[in-house]
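Colleague: I have a new model open and would like to understand its pockets, so please take me through it slowly.

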Amino acid sequence: MELKLVLILTLISATVTAEYIRPQPRKTLHIPWPLDSNSKSQSYPHQVHISLAGDKHMRITWITDDKHNSPSFVQYGILPGKYDSIAEGESTSYNYLLYSSGKIHHTVIGPLEDNTVYFYRCGGQGHEFQLKTPPAQFPITFAVAGDLGQTGWTESTLDHIDRCKYDVYLLPGDLSYADCMQHLWDTFGKLVEPLASTRPWMVTEGNHEEESMLSLMDGFVSYNSRWKMPFEESGSTSNLYYSFEVAGVHVIMLGSYADYDVYSEQYRWLKEDLSKVDRKKTPWLLVLFHVPWYNSNKAHQGAGDDMMAAMEPLLYAAGVDLVIAGHVHAYERSKRVYNGRLDPCGPVHITIGDGGNREGLAHRYINPQPKWSEFREASFGHGELRIVNSTHAFWSWHRNDDDQSVQADDIWITSLVSSGCVNQKSHELRSMLMKP
């Protein structure tokens, strides 16, 4: 009897203490490029993706190889093959050393009905796409993953995101990992098109988007040309930082690689943007950028300290609910924290640079685990943020366990508006916004 009890206790102990055994790294995907070069395909749209572009509008982006005879219009409607609306757009292209991009088209369509499926066709060529607009009110679901790249794990992450029935995808930097190899921007566009053409993808830049070449090139020319975000619609002067609103949520996408000190244009814009936030209309306030401020991984330690010193007091005074970053190739979730200490009125910080990049995972953590750090794990995966109503949201993180999506961390989050923190700090925010 005693022997049986010892065996049972041993098995229980082994179950509790056993560490998750991570699958092996996966190779970079081989995505054929260029596409079929026959004359007919030159004007066919490829690398199609969509993004929010102001209230009830969507930006459709695509590329054609024909730079001269490919028009930038989109036909769209609520029935397949029957388009009762048409919108004209703009186009651009760029050169990077010996590489010359295709014609990059950006066309804004709308006004669109909320929570509605639309069918659309780009430039009168190619096959029909369809998209679904986000809802006008809660609930709304965001899919979240940074540092995607183009590996077998990227493919697995995208497959899991595709299954989660999300409304908007948030990507906190490091998209293609092209790193100056411009054709990799094209293969990335082809890889993500099945998802990015159906739901809005809202992205901000990471270090791998900065492709400076001995000061000869604009470091973000590829990113800015291909992934135009609603910066103009939100009063920003740079595609590297902007904001948007959707279904009761105000989302601010900041730039870790744009000037961010208190005298910078980004800081000035951030103050102006926060001054316009109406927490009765958008009770939830989210902020994304690439380099994390709270990070107990040994990778990139202190990399976000300068930006944090400049901007954390402002975000705290504004009552930001959730801060999401990437850069570190692992997952970590904090408790509510401010200025390095636990604070019930501070935001929850999430690091989610685990989309599947080719550089692999960051396995080494600082021990003991800081008091503000609630959960951390070096695995590839994605997050899902379902904002249920004005007071509660459910966050879950799903690791890529081989080709299965396994929910490994979750938490219910209460909005700072409902907890009273936003009202408590309203005077502090007004004072900070009034500073020159």
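**Pockets and a helix**

Colleague: Which element gives the most to the lining of the largest pocket?
Modeller: That is strand 14, with four residues; strands (E, at least two residues) and helices (H or I, at least four) are DSSP runs numbered from the N terminus. A pocket is an open set of points on a 1 Å grid over the protein atoms alone, where a 1.4 Å probe fits, with protein on both sides within 12 Å along at least five of seven lines, and lining residues have an atom within 4 Å of a point. This is a predicted model, in which local features need pLDDT of at least 70, side-chain atom pairs count only at pLDDT 80 or more, and linings use all residues. Residues are numbered from 1 along each chain.

Colleague: And which residues lie nearest its centre?
Modeller: Of the 29 lining residues of the largest pocket, those are Gly 54, Asp 55, Lys 56, Glu 245 and Val 246.

Colleague: What gives the most to the second largest pocket's lining?
Modeller: Helix 9 does, with four residues.

Colleague: Switching to helix 5, which residues are buried there?
Modeller: In helix 5, residues 265-275, the buried ones (under 20% relative accessible area with a 1.4 Å probe, protein chains only) are Gln 266, Tyr 267, Trp 269, Leu 270, Lys 271, Asp 273 and Leu 274.

Colleague: What covers them?
Modeller: The cover, judged by contact (heavy atoms within 4.5 Å), includes strand 14 (242-246), strand 15 (249-253) and strand 16 (284-288), together with helix 6 (305-317) and helix 9 (426-434). Strand 14 thus turns up again, having given four residues to the lining of the largest pocket, and helix 9 likewise gives four to that of the second largest.

Terms used:
Side-chain values use heavy atoms; hydrogens and water are left out. Buried means under 20% relative accessible area, exposed over 50%, partly exposed in between (1.4 Å probe, protein chains only).
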